[in-house]
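Visitor: I'm new to this one, and I'd rather see a single part properly than rush through everything. Please take a close look with me at the ligand and its surroundings, and then point out a few spots to compare.

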Amino acid sequence: MMKKIILTGDRPTGKLHLGHYVGSLAARVRLQDECTQYVMLADAQALTDHADNPGLIRENIYQVALDYLAVGIDPKKTTIFIQSMITALPELLMYYLNLITWNRLKHNPTVKAEIQQKGYGEEVPAGFMVYPISQAADITAFKANLVPVGDDQIPMIEQCVEVVRKFNRLYKTEVLVEPQIVLSAVARLPGIDGKAKMSKSLQNAIYLSDTPDELAKKVKGMYTDPGHLKLEDPGKVEGNPVFTYLDAFATDKEKVAELKAHYQRGGLGDSVVKKYLLEVLQTFLDPIRARRAEFAKDPEQIWQMLFKGTEVANEVTQKTLAEVKAAMGIDYLRR
Ligand code: TRP
């Protein structure tokens, strides 16, 4: 059987946090043994809403690459590369742009939410509007079957499937491959403030690179059940991020079940649960921090790894581009 192909990535606009880990990094680490995996630093996509700050993106390419290596994405098994250096991608985008209507783009729920959040109003950059199609170029250029990403990316994968179907139907070909999203069991990690999503812009994130002190401070200040005022009060476990984090990161499930039962009965203080969560998270992050520090000793080696990955990615995607152009009948040099 043919190995499945994975293409996935992140916009390098900041360091990665626990939400990224739960949402997609864990799956990437797990799947790299059985699949051919490409992981992309989506710097070109990051520029669609950060055109004024390429310096930020450059710095974060390095930081996110370190995060990848620290969690165990292994460049011997996974090709890690830089999006803007893959020249087939904007070319594919150019052709795919003609297959999706402007009206359809305006109704992409993730794009709509982001336009709101960024306060663009009518002044949304054109590049930003079309980034879902650019993402379809990313995925199809590698003929990826699987895309492990967070659930906010569902509309992107749907839009990619539309591009694939439209292209294959229009040009009577099977060149492009329909991808499937790989969602994690824990759909979405809430922020330390209890908001539905952990995110850099909401300033409610625990970073993979947080120091033990930073982590302790964040856990101590975490939102819990606001109705749990006195020690003997029964507390709520649902929607209580302290317990959501325990579910996601604690290995001793029995102990978590006990804590939950006790909390719901009453008589268990938040500080005790938080103390345990802090232990759990320190244990989880310790080896990640250590590996990060080790890799950070040699930045040049990180860049070399990225350049090597980029070479591989260019080869794969040029091949797809040639097939795409042939399918469209615009491979003029091959007369
Ligand atoms: N949109 C993703 C994010 O915001 C990054 C991304 C760009 C991506 N192209 C992709 C993810 C292709 C998966 C597949 O983080």
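Guide: Let's begin with a term we'll need: a polar contact is a pair of N or O atoms within 3.5 Å. Keep in mind, too, that what you see is a predicted model.

Now for the ligand. A polar atom in the side chain of arginine 11 sits 3.3 Å from one of the ligand's oxygen atoms. That pair is within 3.5 Å, so it counts as a polar contact. Glutamine 135 offers a polar side-chain atom as well, this one 3.0 Å from a ligand nitrogen. Then there's aspartate 138, with a polar side-chain atom 2.7 Å from a nitrogen atom of the ligand. How much of the ligand does the protein bury? On its own, the ligand would expose 370 Å², and the protein buries 91% of that.

Step back a little and look at the space itself: the ligand takes up the largest pocket. Two elements give two or more residues to the shell around the ligand, namely strand E1 (5–10) and helix H8 (131–141). Strand E1 has the largest share, with four residues. In total, 14 residues surround the ligand. The closest are Met40, Gln45, Gln135, Asp138 and Gln153, so two of the polar-contact partners turn up again here, glutamine 135 and aspartate 138. Sorted by class, the shell is a mix: six residues are nonpolar, five are polar and three are charged.

Since E1 gives so much to that shell, let's stay with the strand for a moment. Aspartate 10 is part of E1. Is aspartate 10 buried or exposed? Its relative accessible area is 10%, and the cut-off for buried is under 20%, so aspartate 10 is buried. Its side chain has company, making a polar contact of 2.5 Å with the side chain of tyrosine 68.

For another buried residue, go to helix H6 (residues 109–118), which holds threonine 110. Threonine 110 has a relative accessible area of 12%, so it counts as buried too. A polar atom of the threonine 110 side chain lies 2.7 Å from the backbone oxygen of aspartate 152.

Now some contrast, out in the loops. Lysine 172 is found between helix H9 (154–170) and strand E5 (180–182). Its relative accessible area is 74%, and exposed means over 50%, so lysine 172 is exposed. The backbone is worth a look here as well. Most residues other than glycine have a negative phi. Lysine 172, though not a glycine, has a positive phi of about 45 degrees.

Glutamine 203 tells a similar story in the loop between E5 and helix H10 (212–220). Its phi is positive, near 55 degrees, and it isn't a glycine either. Glutamine 203 also counts as exposed, at 74% relative accessibility.

Finish at lysine 297, in the loop between helix H13 (270–296) and helix H14 (299–328). With 63% relative accessibility, lysine 297 is another exposed residue. To get a feel for distances, pair lysine 297 with glutamine 180: they are 117 residues apart along the chain, and their C-alpha atoms are separated by 37 Å.

Key
Residues numbered from 1 in each chain as written. Predicted model: local features only at pLDDT ≥ 70, side-chain atom pairs only at ≥ 80, totals over all residues. Heavy atoms only, no water. Near = heavy atom within 4 Å. Polar contact = N/O pair within 3.5 Å; in protein donor to acceptor, adjacent residues only side chain to side chain. Areas by Shrake-Rupley, 256 points an atom, 1.4 Å probe, with all protein chains shown as cover. 1 Å grid on protein atoms, 1.4 Å probe; cavity = no way out; pocket = protein on both sides within 12 Å on 5 of 7 lines; lining within 4 Å. Sits in = over half its atoms within 2 Å of the grid points. Nonpolar A, V, L, I, M, F, W, Y, C, P; charged D, E, K, R; others polar. Buried < 20%, exposed > 50% of the residue type's maximum accessible area, 1.4 Å probe, protein only.
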